[in-house]
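Student: I would like a close look at one part of this model: its salt bridges. Please show me where the pairs sit and what surrounds them.

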Amino acid sequence: MAKRSFANKRVILTGASSGIGWYIASMLVRAGAYVVITGRRAERLEDLRRSFGNPSKRLIAVPGDISDPQHRRKLIDTAVQQLGGIDIVINNAGVGAIGNFESASEERLRGVFEVDFFGATELTRLALPYLTKGDEPAVCVVSSVLGHRAVPAKSEYCAAKFALRGWSESLRVELKPKGIDVVSISPSTTDSEFFDSLVETDPAQKSRSIGKQPAERVAKSVVSALRRRKRDMVLSAGGKALVWLGRLAPNFTDRMLMQYAT
Ligand SMILES: NC(=O)c1ccc[n+]([C@@H]2O[C@H](COP(=O)([O-])OP(=O)(O)OC[C@H]3O[C@@H](n4cnc5c(N)ncnc54)[C@H](OP(=O)(O)O)[C@@H]3O)[C@@H](O)[C@H]2O)c1
């Protein structure tokens, strides 16, 4: 199948104010796309627009909270009114939390799900009528290795990313007859601002992981996966090893995680 072109594509990208999303936005603009960018930090979105010299006309900033239904509606309306439709939705916004489930609140679980799961699924729901009429349409989900193999002390985040994977798998088959691709990318630990904005997490709690991928490299993989119409990509050798070990030797993986990840 021919590679997807980004020339004049109309994209909605969440989580563009830092990390992976910032680089995805930059790469898509350089490839000729028009991108509605969002995140809560308006000044960051403006910085991104200004990074292209004059505020880029290819980047339309709509700051707001992706867990707010009115903001999701505004993203769709902006794309339709200013770009004439939607070809690609990239659900990248995400938050995490660290600490055992037992000592955490219901608010933490719901807070993570509102952004990571409902933010993505409900934005996509609103976009589907337009994607159906789009040019080489696609829904992209930035998930996580932890949506394939869960680890302790991140139960809320793992659950949200597992849910996102189940939803993506189902949607992929539903949307196939309409020619809409569903592309899921699962990065491992990435060097970004992710661990600075954890939900209801004691600042003393630290994430344990081996190595970090640069956010720019992860963004390149996301853009490449979209271009090559991939379905579900686990990034990094460590990420792939964890997923496979978890499948082949689940009890051994549990013991290993008890020793090293708690
Ligand atoms: N970093 C990692 O180790 C890692 C590993 C695997 C997967 N991922 C996934 O990669 C994606 C991008 O994360 P990142 O590493 O680039 O982290 P990041 O630098 O913290 O970026 C997260 C983005 O999500 C946005 N966001 C968070 N809560 C939001 C809300 N309520 N409403 C609107 N936007 C919101 C943030 O914008 P504002 O703060 O301006 O709202 C920011 O633009 C996430 O889905 C994450 O789960 C990250």
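Tutor: We start with the whole chain, go through the pairs one by one, and end with a few other residues.

The model is predicted, so local features need a pLDDT of at least 70 and side-chain atom pairs count only at pLDDT 80 or more, while totals for chains, interfaces and linings use all residues. Numbering runs from 1 along each chain as its sequence is written, and side-chain values use heavy atoms, with hydrogens and water left out.

First, the setting. The chain has 8 helices and 9 strands. These are DSSP runs numbered from the N terminus: helices are H or I over at least four residues, strands are E over at least two. The C-alpha atoms fill a box of roughly 50 × 40 × 30 Å along the principal axes. The radius of gyration is 18 Å, which agrees with the value near 18 Å for a compact globule of 262 residues. That radius is taken over C-alpha atoms, and the globule rule is 2.2 Å times the number of residues to the power 0.38.

Of the 262 residues, 51% count as buried. Buried means under 20% relative accessible area, exposed means over 50%, and partly exposed lies in between (1.4 Å probe, protein chains only). Contacts reach far along the sequence: of those between residues at least 6 apart, 72% join residues at least 24 apart. A contact means heavy atoms within 4.5 Å.

Now the charges. The chain carries 39 positive and 27 negative charges, and their mean positions are 8 Å apart. Lys and Arg count as positive, Asp and Glu as negative; His and the chain ends are not counted. Each charge is placed at NZ of Lys, CZ of Arg, CG of Asp or CD of Glu.

Some of these charges pair up. A salt bridge here is a side-chain nitrogen of Lys or Arg within 4 Å of a carboxyl oxygen of Asp or Glu. By that rule there are 16 salt bridges.

Take Arg-4 and Asp-181. Their side chains meet with N and O 2.6 Å apart. Arg-4 sits in the segment before β1 (10-13), while Asp-181 is in strand β6 (residues 181-186), so the pair links distant parts of the chain, 177 residues apart. Arg-4 is buried, at 1% relative accessible area. Asp-181 is buried too, at 15%.

Next comes Arg-10. Its partner is Asp-87, with the closest N and O atoms 2.8 Å apart. Arg-10 lies in strand β1 and Asp-87 in the loop between α3 (69-83) and β4 (88-91), so this pair ties together parts that are 77 residues apart in sequence. Both Arg-10 and Asp-87 are buried.

Arg-165 and Glu-169 make another pair, with N to O at 3.9 Å. Both lie in helix α5, 4 residues apart, about one turn of the helix. Arg-165 counts as buried at 18%, whereas Glu-169 is partly exposed at 39%. Elsewhere, shared partners build a network: salt bridges join Arg-4, Lys-9, Asp-135, Glu-136, Asp-181 and Arg-229.

Stay with helix α5 for a moment. Glu-156 is in this helix, which covers residues 155-175. Glu-156 is buried, at 0%. Beyond its neighbours within four places in sequence, Glu-156 touches several residues, among them Arg-108, Phe-101 and Val-112.

Ahead of that helix is Ala-153, in the loop between β5 (138-142) and α5. Ala-153 is buried at 18%. Its phi is positive, near 70°. Most residues other than glycine have a negative phi. Glu-200 also has a positive phi, near 40°. Glu-200 lies in the loop between β7 (190-191) and β8 (213-214) and is partly exposed at 49%.

Finally, go back to α3, the helix ahead of the loop that holds Asp-87. Ala-79 lies in α3 and is buried at 1%. Its contacts beyond four places in sequence include Ile-12, Val-36 and Ile-86. Ala-79 and Glu-106 are 27 residues apart in sequence, and their C-alpha atoms are 34 Å apart in space.
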